[in-house]
Amino acid sequence: MARMAVSRLPDLGLSEAERGELASLSGRRRTAQALAVRARIILACADGLQNKDVAARLDLDPMTVSKWRRRFLEHRLDGLLDAPRSGAPRSIDDARIEATIIRTLESLPADATHWSSRGMARASGLSVSSVQRIWRAFGLQPHRLETFKLSTDPDFVAKVRDVVGLYMAPPERAVVLCVDEKSQIQALDRSQPMLPLRPGQPARRSHDYKRHGTTSLFAALDVATGRVIGKCYPRHRAAEFRKFLDEIETAVPRDLDVHLVMDNYATHKTKLIRDWLAQRPRWHVHLTPTSASWINQVERFFALLTDKQIRRGVHRSVAALKDAIHAFLDQHNASPKPFRWTKSANDILASIERFCLRNRPLPA
């Protein structure tokens with residue numbers, strides 16, 4: 001049977017001037033990002049890549065790549081600009097819009113750390129609503145600030161591959177346990193009684209509270225079953241961690257190896273703990289990278305505990321708090337469900353690489 005011929009995409013035939021203009025547009029990391037993305041698409045297409053390969057490299061939809069390739073072939077650089085829309089002609093020309101975007105991204109007001117729509121309106125001579133429409137059209141939100149944290153662990157890649165490998169392909173005749181402690185959980189009682197939920201009105205509580213002490217929860221999550229071994233201790237030192245390891249040793253059948261996923265907390269690396277582990281050859285330790293608690297699945301269980309029991313709980317003593325935590329553990333273990341880990345180590349590392357390339361710090 002004859003094979004169908006694979007049609008080749010037409011060559012873009014970039015001139016030196018066009019390539020220079022596209023490189024300039026794609027390198028402007030703080031202005032007109034929609035246009036910068038389109039420029040990166042054309043540059044990648046000019047390297048001979050297929051649409052699906054360009055889409056994978058830039059994390060885009062293949063149809064988006066096909067659209068801008070076609071537009072460039074038809075209209076060259078002008079094809080990368082937004083097509084005119086129907087309706088009344090705009091009263092603000094492209095130059096003023098670009099100036100507003102550049103000012104938003106590349107400057108700061110004299111009296112603040114970020115622009116407000118009113119401050120930009122005064123500085124640009126536009127109306128507040130016009131500034132808001134421009135910002136909305138280009139996805140600019142100067143009032144928002146998000147946080148991030150990248151691990152600086154020199155063994156980050158190796159540790160990610162090690163831990164994620166356990167999640168994706170756990171060893172036979174072994175149990176994989178994610179271990180950590182949720183320290184300093186406070187037993188809080190509100191200064192006044194809570195007001196209950198009513199139709200049209202949420203439950204309410206006073207902003208101030210009374211402290212009645214703290215406890216620390218040590219927990220080990222079985223990634224295969226979702227069951228959690230947990231116990232509360234008044235402190236979270238190496239001595240308490242050693243006692244918790246004894247609890248795990250008792251709970252895990254003797255004929256199974258134990259693969260322990262835990263972080264680099266000092267309590268986990270004392271001589272007391274190292275000696276305890278050295279005497280038990282069936283135990284294998286896998287350390288997570290520093291500043292990467294998201295890779296330890298027991299953190300997801302702690303989030304559930306906080307959301308469902310601790311944050312809105314009223315506990316008038318440490319004993320009441322411990323009872324509530326143990327009751328939550330019992331309920332969870334009555335019908336446990338494992339967390340489903342879907343991303344491979346390669347997916348995670350590629351995602352971090354894209355984040356770093358997309359958010360390279362600007363030169364000082």
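Modeller: Let me open with the yardstick for accessibility: a residue is buried under 20% relative accessible area, exposed over 50%, and partly exposed in between, using a 1.4 Å probe and protein chains only. This is a predicted model, in which local features need pLDDT of at least 70 and side-chain atom pairs count only at pLDDT 80 or more, while totals for chains, interfaces and linings use all residues. Residues are numbered from 1 along each chain as its sequence is written, and side-chain values use heavy atoms, with hydrogens and water left out.

Biologist: Thanks, that helps! Why is Cys178 called buried?

Modeller: Its relative accessibility is 0%, and the limit for buried is under 20%, so Cys178 is buried. Cys356 comes out at 34%, which lies between the two limits, so Cys356 is partly exposed.

Biologist: How many disulfides are there, and why does Cys178 not form one?

Modeller: There are 0 disulfides. A disulfide is a covalent bond between the sulfur atoms of two cysteines; here the test is a pair of cysteine sulfur atoms within 2.5 Å. The closest cysteine sulfur to that of Cys178 belongs to Cys232, 19 Å away, so the pair is too far apart for a bond.

Biologist: What makes Cys178 part of the largest nonpolar core?

Modeller: A nonpolar core is a set of buried Ala, Val, Leu, Ile, Met, Phe, Trp, Tyr and Cys residues joined through side-chain atoms within 4.5 Å. Cys178 is of a listed type and is buried. The core has 31 residues, and those touching the most other members are Val160, Cys178, Leu217, Val261 and Ile325. Among the elements that each supply at least two residues are helix H8 (156–168), strand E1 (174–190) and helix H12 (318–334); helices and strands here are DSSP runs numbered from the N terminus, helices being H or I with at least four residues and strands E with at least two. H8 gives the largest share, 6 residues. A second, separate core holds 20 residues, including Val175, Leu177, Val179 and Leu277. As general background, nonpolar side chains tend to be buried together in soluble globular proteins.

Biologist: Which residues does Val160 contact, apart from its neighbours within four places in sequence?

Modeller: Taking contact as heavy atoms within 4.5 Å, Val160 meets Gly165, Pro289, Ile295, Ala345, Ile348 and Leu349.

Biologist: Now the charged residues. What makes Arg76 and Glu18 a salt bridge?

Modeller: The rule asks for a side-chain nitrogen of Lys or Arg within 4 Å of a carboxyl oxygen of Asp or Glu. Arg76 and Glu18 are 2.9 Å apart, N to O, and so meet that rule. Arg76 sits in the loop between helix H4 (62–75) and helix H5 (94–106), and Glu18 in helix H1 (residues 16–26), so the bridge ties together parts 58 residues apart in sequence. Arg76, at 24%, is partly exposed, whereas Glu18, at 12%, is buried. By this rule the total is 13 salt bridges.

Biologist: Why does the pair of Lys231 and Glu247 tie parts of the chain together?

Modeller: Their closest N and O atoms are 3.0 Å apart, which makes a salt bridge. Lys231 belongs to strand E3 (residues 228–233) and Glu247 to helix H9 (residues 238–251), so parts 16 residues apart in sequence are joined. Lys231 is partly exposed at 32%, and Glu247 is partly exposed at 32%.

Biologist: Which residues form a network through shared salt-bridge partners?

Modeller: One more pair on the way: Asp307 and Arg311 meet in a salt bridge at 3.2 Å, N to O. As for the network, Glu249, Arg254, Arg280 and Arg282 are joined into one by bridges that share partners. Glu249 lies in helix H9 and, at 10%, is buried.

Biologist: What makes Glu249 and Trp283 a polar contact?

Modeller: The criterion is a pair of N or O atoms within 3.5 Å; within protein, one must be able to donate a hydrogen and the other to accept it, and residues adjacent in sequence count only if both atoms are side-chain atoms. The side chains of Glu249 and Trp283 are joined at 2.7 Å, inside that limit. A side-chain polar atom of Arg280 lies 3.0 Å from the backbone oxygen of Trp276.

Biologist: Last one: is Arg340 buried or exposed?

Modeller: Arg340, in the loop between H12 and H13, has 76% relative accessibility; the limit for exposed is over 50%, so Arg340 is exposed.
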